[in-house]
Amino acid sequence: MTAEKWWVVIVVLGIATFGIKAAGPFLMGERDIPSRLRPAVLLLPTALMTALVTVAMLRPTPSGSLRVDAAQCVGLATAALALLLRLPLIFVLAAAVSATVTFRLIT
Amino acid sequence: MREYRLPQGVVVAAPVLLPTAALGAAFGVLAEPLMGSTAPIVMSCLVFGGSAQFAALGVLTAGGGVTAAALAGALTNMRFLVTGFAVAPCLRGGRVRRALEGQAVVDTSFALAGRGDGTFDRGLLLWSGATQFAAWVSGTVAGVALASRVPDPYAWGLDVVMPAFFLTLLVSELRRHWVPAVTVAMFAAGIAVLATLTLPAGAPVGVAALACLLGLTMNRPRDETP
């Protein structure tokens, strides 16, 4: 049965993912967010974006220590600079890519 | 003659379509030796979540079992449990229809649909979700078909585009909400680092996203609609 191992994973994960994404909308129905929870929802994109960016800068190691992905950090730092300078999105992305590629080439 | 304009969601999702497709191709390339040609494509259609698919694939490639692989993928997607509640009010119809519309949520579509005041734009969510889906699945097909002949996204720095995109959105959120947002961001970063050290792969993002609950302890952030 090992040949079909990944099919089981695909189906199970597919169902699980459907359920996870469906849970909130299904349980909420046509109700609105309770007003006392609004501040949390307001800041959810902040928390999620921060988490995604932070995780992108790290490379997990099996031994439970942290390795920083230097190329990503350089690219994201460049992007941050471009954002501080209020450059348009396309320049931010181009700067990040250029910095990352250059860093990988010279190291 | 009526002018046809692309849906807004397609337009705003455009910058990340290429990286999404490239990532999908990378997934196809990695998965094909293990699963063959059909399974990766089906997986991209059924699961529609890059990180979850990579997490599950990683476990399987390392020799892990079905439970471990499925768990890794599900843990990675746990963030969508929280986002599901957040976007629910913007969807239309009864429970079942909303449950179906909620499938459009991925990191990117969720990020793009946010209006910055705690509400979400349904059109942006659905259209950018659909566009991301098309790019992701197409990329997977390309990866499976071309295998080793697909250029390495890492060599071209494409792997930094998504995080840079998220950073862009983060900065606009920080500018909008200032102190509460910076506080939440710092906690989210700290939790993400700790979680990467202690929790299984995939869990860090979902757990760190809960840093938003800190918002409940603060004074009402600016821009909150009463």
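Visitor: Why is A:Arg104 counted as partly exposed?

Guide: A:Arg104 has a relative accessibility of 24%, and the class depends on cut-offs taken with a 1.4 Å probe on protein chains only, buried being under 20% relative accessible area, exposed over 50%, and partly exposed in between; A:Arg104 is therefore partly exposed. The model is a predicted one, in which local features need pLDDT of at least 70 and side-chain atom pairs count only at pLDDT 80 or more, while totals for chains, interfaces and linings use all residues. Residues are numbered from 1 along each chain as its sequence is written, chains are lettered from A and ligands numbered from 1 in the order in which they are written, and side-chain values use heavy atoms, with hydrogens and water left out.

Visitor: What makes the pair of B:Asp159 and A:Arg104 a salt bridge?

Guide: The term requires a side-chain nitrogen of Lys or Arg within 4 Å of a carboxyl oxygen of Asp or Glu, and the closest N and O atoms of A:Arg104 and B:Asp159 are 2.8 Å apart, so the pair meets the definition. The pair crosses between chains, from B:Asp159 in the loop between helix 9 (122–146) and helix 10 of chain B to A:Arg104 in helix 4 (residues 89–106) of chain A, where helices are DSSP runs of H or I with at least four residues, numbered from the N terminus. B:Asp159, at 11% relative accessibility, counts as buried. The count between chain B and chain A is 1 salt bridge, and over all chains the count comes to 5.

Visitor: Which residues are joined into one network by salt bridges that share partners?

Guide: B:Arg97 and B:Glu101 meet in a salt bridge at 2.9 Å, N to O, and both lie in helix 7 (residues 95–101) of chain B, 4 residues apart, about one turn of the helix. B:Arg122 and B:Glu101 also meet in a salt bridge, at 2.7 Å, N to O; because B:Arg122 lies in helix 9 of chain B and B:Glu101 in helix 7, this pair ties together parts that are 21 residues apart in sequence. The shared partners join B:Arg97, B:Glu101 and B:Arg122 into one network.

Visitor: How do you know whether B:Arg97, B:Glu101 and B:Arg122 are buried or exposed?

Guide: B:Glu101, at 9% relative accessibility, counts as buried, and B:Arg122 is buried with a relative accessible area of 15%, whereas B:Arg97, at 41%, is partly exposed.

Visitor: How many residues of chain B are in contact with chain A?

Guide: With contact taken as heavy atoms within 4.5 Å, 95 residues of chain B are in contact with 68 residues of chain A. On the side of chain B, B:Arg95, B:Val160 and B:Arg175 lose the most area to chain A, together 9% of what that side buries. The area buried between chain B and chain A is about 7000 Å², of which carbon and sulfur atoms give 78%, buried area being the accessible area (1.4 Å probe) that two parts lose on being put together, summed over both.

Visitor: What does B:Phe110 touch?

Guide: Residues up to four places away in sequence are not counted, and those that B:Phe110 touches include A:Leu44, A:Pro45 and A:Leu48 as well as B:Phe120 and B:Leu125.

Technical notes
Helices (H or I, at least four residues) and strands (E, at least two) are DSSP runs, numbered from the N terminus.
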